[in-house]
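Reader: I am new to this structure and would be grateful for a close look at the part around its nonpolar core. Please begin with the cysteines.

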There are 2 protein chains.
Amino acid sequence: MENQKLIGIDLGGTTTKFAIMTAQGEIQQRWSIQTDILNNGNNIIPNIIDSINHHLQMYQMQPEQFAGIGIGTPGSVDYQAGTVDSAFNLNWDRPMTIKQQIEAGTKMSVKVENDANVAALGERWQGAGNNAADVAFVTLGTGVGGGIIVDGHIVHGNGGSAGEIGHMTIDPNGYTCTCGKKGCLETVASATGVVRVARDYAQEYAGNSQLKANLDNGDDITSKDVFDLAKQNDPLALLVIEYVCKQLGLALSTVAVTLNPEYIVIGGGVSNAGDFLLSHVQQSYEQYVFTAIKNTTTLKLATLGNEAGVIGAASLILDK
Amino acid sequence: MENQKLIGIDLGGTTTKFAIMTAQGEIQQRWSIQTDILNNGNNIIPNIIDSINHHLQMYQMQPEQFAGIGIGTPGSVDYQAGTVDSAFNLNWDRPMTIKQQIEAGTKMSVKVENDANVAALGERWQGAGNNAADVAFVTLGTGVGGGIIVDGHIVHGNGGSAGEIGHMTIDPNGYTCTCGKKGCLETVASATGVVRVARDYAQEYAGNSQLKANLDNGDDITSKDVFDLAKQNDPLALLVIEYVCKQLGLALSTVAVTLNPEYIVIGGGVSNAGDFLLSHVQQSYEQYVFTAIKNTTTLKLATLGNEAGVIGAASLILDK
């Protein structure tokens, strides 16, 4: 198996990314195709099979040269059966037998996992996680997701919902979440959450602020805009970022006292704010975390960006 | 190994409990000795060795009939080395080589683990945990401790501090904890915490209340007194219990979204308040936990009481 290669697939609502990797973690080939969600998403799996077979032919490779294919997918995944029960952004409203179909179409063995979990595996294996035994991963995107790795393995939990850090209640009196609860981390620490907090804070803010002017002007703003203005010392933007990072640091401190992982890795679009984000979260984290854990659970920024998915997906094949 | 027996030891500051068990979980013999913490705690390990050898002789058993000895101990445990770095309530202010000494003195192999972790293992194996793969355990005693079991194994974490649920920051503006932080779960949900909240609430309370009368009278009260009065509908006691259980339910909801264990088991002295405690915590938990997790992570009361320690300690020997 050490000389066999791996295929990693990151299935997203817009793009499906592929990589051929070595078992040592080196990416040898990369390509991507558009995800065709028309026709109730019925084209998605056949397109994946065709793309793999086409590229193997192109590279003159045989299925026997591969230890298997790992796939990260959105939706509600049954990783043992290799199926997805439903995935709204793929137009899948019924169970899809991903593993079975792709195995039949490619003659390679297939493993299927949730997209946040494969990103966690990717960052652990080749990114910020430094191959540590215990790593927690939080992804700050449109929503907030997470993946928990203990002793090198993804923790699924009894109902497959381990790592749902985005729905941790962080402020019982906070904003109402899409899930119906109040004060989920996601309501403030996602890209949409940062904008929500900015709009809310702007209502009460009376001072001079470019962010306030932009909002009053009716401009569409993004979480990146808020971070960029905060970096330029816009006083309202700074208040917003300080609040968001305070809540995120508090949430990560509870993950740390529960699991004491070596690293908590922060990824997703919002994490592109980089060290500015990290230093603010770190300040809050240090205030809230148990002293004995401060030096043994370290916060880090993700390093693999968009590649975490394909790399982590490929690594599923190495997991015994 | 299946026919070999196990010895479990629960080393506490007052009493050291012993049990001889089968690998199937049946307790065949139990006894206990006083823990002699005089002489800098130097008598503790020799006394354990003497007591084991004495009982083996009494029962006409040989070391070869045992798969090993498991010990749960307070203090800062290095479970890999089988040592305790320090344990203040045993008067151990220097590293103690527990495993090495007991192995030499009994001719049996020894495993050492933190006392909250062995209680978690005990409840998982023979108690409320129902032998589920993933179980979280929280013990509400003088302090608040915890143990996290994933895939049947204790999670230690990078610095050995996984499961320190008592030091989860649950209210950033809350009471100052012995650890130096503010708003740790332990400041309200431990036995001393319940009394602290009662004293604090009583200051502001103007209505009719037996609890208030007792406190104004200068009576020493315990957490059991507060629960007993709450069960009798004392209005101040009810306010106190509602606050404590609200915070505990919030803390357990964060453990649930992080790990989605099959059970979260609540033990320790405070849990003797039974279903009255559980139903109040449950109410808060359901308010704060992610919907998808509500039905797959169940709160339960511990069932083994004081025996969780010896049973869990014995089970260390079964862990590969």
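Author: Cysteines, core and helix packing

Over all chains, a search of the whole structure finds zero disulfides, a disulfide being a pair of cysteine sulfur atoms within 2.5 Å. A:Cys184 is in none, and the nearest cysteine sulfur, that of A:Cys179, is 3.7 Å away. This is a predicted model, in which local features need pLDDT of at least 70 and side-chain atom pairs pLDDT 80 or more, while totals for chains, interfaces and linings use all residues. Side-chain values use heavy atoms, without hydrogens and water; residues are numbered from 1 along each chain as its sequence is written, and chains are lettered from A in the order in which they are written.

A:Cys184 counts as buried because its relative accessibility is 0% (buried means under 20% relative accessible area, with a 1.4 Å probe and protein chains only). A:Cys245 is also buried, at 1%, and its sulfur lies 18 Å from the closest cysteine sulfur, in A:Cys184, too far for a bond.

The largest nonpolar core (buried Ala, Val, Leu, Ile, Met, Phe, Trp, Tyr and Cys residues joined through side-chain atoms within 4.5 Å) has 118 residues, of which A:Leu211 and B:Leu211 touch the most other members. Leaving aside residues up to four places away in sequence, A:Leu211 touches, with heavy atoms within 4.5 Å, residues including A:Ala198, A:Val226 and A:Leu229.

A:Ala198 belongs to H5(A) and A:Val226 to H7(A), and both take part in the contact of these helices, together with A:Val194 and A:Phe227, among others. By class, this contact has six nonpolar, one polar and no charged residues (Ala, Val, Leu, Ile, Met, Phe, Trp, Tyr, Cys and Pro count as nonpolar, Asp, Glu, Lys and Arg as charged, the others, Gly among them, as polar).

Notes:
Buried means under 20% relative accessible area, exposed over 50%, partly exposed in between (1.4 Å probe, protein chains only). Helices (H or I, at least four residues) and strands (E, at least two) are DSSP runs, numbered from the N terminus.
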